[in-house]
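Q: Hi! I have a model open on my screen and would like to talk it through with you. Can we start with one of the helices and work outwards?

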Amino acid sequence: MTGQETDNRPGLLLRLAGPLQSWGEKSHFTDRDTARFPTRSGVIGMLAAALGRERGASLDDLTALSLTVRVDRPGVLLTDLHTVGGGLPARDTVTTAEGKKRSGTTATLLSHRAYLADAAFTVALTSTASGPGPEAVNRFAEALREPRWPLFLGRRSCPPEGPVLLARSDRPLHDLVLLPVAAERAKGAGALDIVFLSEAPLDALPVPDGWKSTPEAEAARATSTINDDPRSFHPKRRTYLSRQLYRRVVSLPEDRFAGLGSAYLAQLRRHLAVNPAHPERGNP
């Protein structure tokens, strides 16, 4: 492996795929954007929903998890136009900030909403030194298998296309690199660059010897910041912190690409069946 050996702490491997996803980053009023990858707030919120947490409940144990995203398919950016409040009696139209009703000429609001179409991501949620232990990680896995509340990919209108949990792992970053990729690759096309994103430096990402990747020194430097680290989901006191974003590109061999649909699921099942790093498996 290149770089330092990472601490093997328990974690979860997730698959986030569906016809549409939307991971709001800078959404404001009627303009609802999406990041090009799952955000910390979106994934932590999904886990909180699976556990049945109320919106005002503490997130301390969940925010201690480290998030690393592998971009299997980046998807296509899609913008949709929504109308709100049109064609309704005055008493049922949108309420203004002053508590009044809009006039007939302004009753209909236009909302632009962005989505990622046909995107797929594989995600590792890893316990940190100060984070939850194996028992808590097992509890999180059980919640994702049988969620208390429905799971969605950033927005309620974006359900996942299948079970979110792939497996509970004792070496999640190692597995994240080696899990089959949900994308097509023509035979003989060779290796393809895949992007990994995290709030932690990626110089120690366990890349197998011989695989080309971003130099370790470059992977240890943050490329940008993003304001998506949740502290509270309370409807009236939503709070987020900024975090650094690290990026590493790894050239994955052609045989790592499992295709789409049943071909991908079959290869994924075979991989999980023979991999001893998964003491508790999901059900892909």
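**Starting from a helix**

A: Happy to, and keep in mind that this is a predicted model. Helix α3 has twelve residues and reaches 17 Å from its first C-alpha to its last, close to the 16 Å expected at 1.5 Å a residue.

Q: Nice. Which residues of α3 are buried?

A: Ala136, Val137, Phe140, Ala141, Ala143 and Leu144 are the buried ones in α3. They cover an arc of only 160° around the axis, so they sit on the same side of α3.

Q: And what do the buried residues of α3 pack against?

A: Quite a list of partners: β1, α1 (40-51), α2 (60-63), β4 (65-73), β7 and β8.

Q: Let's zoom out for a second. How many helices and strands does the protein chain have?

A: There are six helices and twelve strands in the protein chain. Buried residues account for 45% of its 284 residues.

Q: What about contacts between residues at least 6 apart in sequence: what percentage join residues at least 24 apart?

A: Of those contacts in the protein chain, 80% join residues at least 24 apart.

Q: And how much accessible surface does the protein chain have?

A: It comes to about 14200 Å², and 51% of that belongs to carbon and sulfur atoms.

Q: Switching topic to charges. How many salt bridges does the structure hold?

A: Twelve salt bridges. One of them pairs Glu161 with Arg15, where the closest N and O atoms are 2.7 Å apart. Glu161 lies in the loop between α3 (134-145) and β8 (165-169), while Arg15 is in strand β1 (residues 11-17), so this pair ties together parts that are 146 residues apart in sequence.

Q: Is Arg15 buried or exposed?

A: Arg15 is buried, with a relative accessible area of 12%. Its partner Glu161 is partly exposed, at 49% relative accessible area.

Q: I was also looking at Arg168. Which side chain does it meet in a salt bridge?

A: That would be Asp170, with 2.2 Å from N to O. Arg168 is buried at 6% relative accessible area, whereas Asp170 counts as partly exposed at 36%.

Q: Then there's Asp228. What is its salt bridge with Arg243 like, in Å from N to O?

A: The side chains of Asp228 and Arg243 meet at 2.6 Å, N to O. Asp228 lies in strand β10 (residues 224-232) and Arg243 in strand β11 (residues 239-252), so the pair ties together parts that are 15 residues apart in sequence. Asp228 is buried, with a relative accessible area of 1%, and Arg243 counts as buried too, at 9%.

Q: Which residues are linked with Asp228 and Arg243 in a network of salt bridges?

A: The network also takes in Arg40, Glu199, Asp229 and Arg231.

Q: OK, so how are β10 and β11 joined?

A: A hairpin joins β10 to β11 through six residues. The two strands run antiparallel, and six bridges join them. Ser232 stands opposite Thr239 in β11.

Q: Which way does β9 run against β11, parallel or antiparallel?

A: Antiparallel: strand β9 (residues 192-198) and β11 are joined by seven bridges. If you want a spot to click on, Leu192 stands opposite Leu252 in β11.

Q: My eye caught Asp118 as well. What is its phi?

A: Asp118 has a positive phi of about 60°, although it is not a glycine. Most residues other than glycine have a negative phi.

Q: Where is Asp118 found?

A: In the loop between β6 (109-117) and β7 (120-127). Asp118 is partly exposed, with a relative accessible area of 47%.

Q: Last one, about His271. Where is it found, and is it buried or exposed?

A: His271 is found in helix α6 (residues 261-274). At 15% relative accessibility, His271 counts as buried, since the cut-off for buried is under 20%.

Q: What is His271 in contact with, leaving aside its neighbours within four places in sequence?

A: His271 is in contact with Leu178, Leu179, Pro180 and Arg256.

Q: Great, thanks for the tour!

Note on methods. Residues are numbered from 1 along each chain as its sequence is written. This is a predicted model: local features need pLDDT of at least 70, side-chain atom pairs count only at pLDDT 80 or more; totals for chains, interfaces and linings use all residues. Side-chain values use heavy atoms; hydrogens and water are left out. Helices (H or I, at least four residues) and strands (E, at least two) are DSSP runs, numbered from the N terminus. Buried means under 20% relative accessible area, exposed over 50%, partly exposed in between (1.4 Å probe, protein chains only). Contact means heavy atoms within 4.5 Å. Accessible areas come from the Shrake-Rupley method with a 1.4 Å probe; for residues, only the protein chains shown count as cover. A salt bridge is a side-chain nitrogen of Lys or Arg within 4 Å of a carboxyl oxygen of Asp or Glu. The expected span of a helix is 1.5 Å times one less than its number of residues. The arc is that of the directions from the helix axis to the C-beta atoms. Two strands pair if DSSP finds at least two bridges between them.
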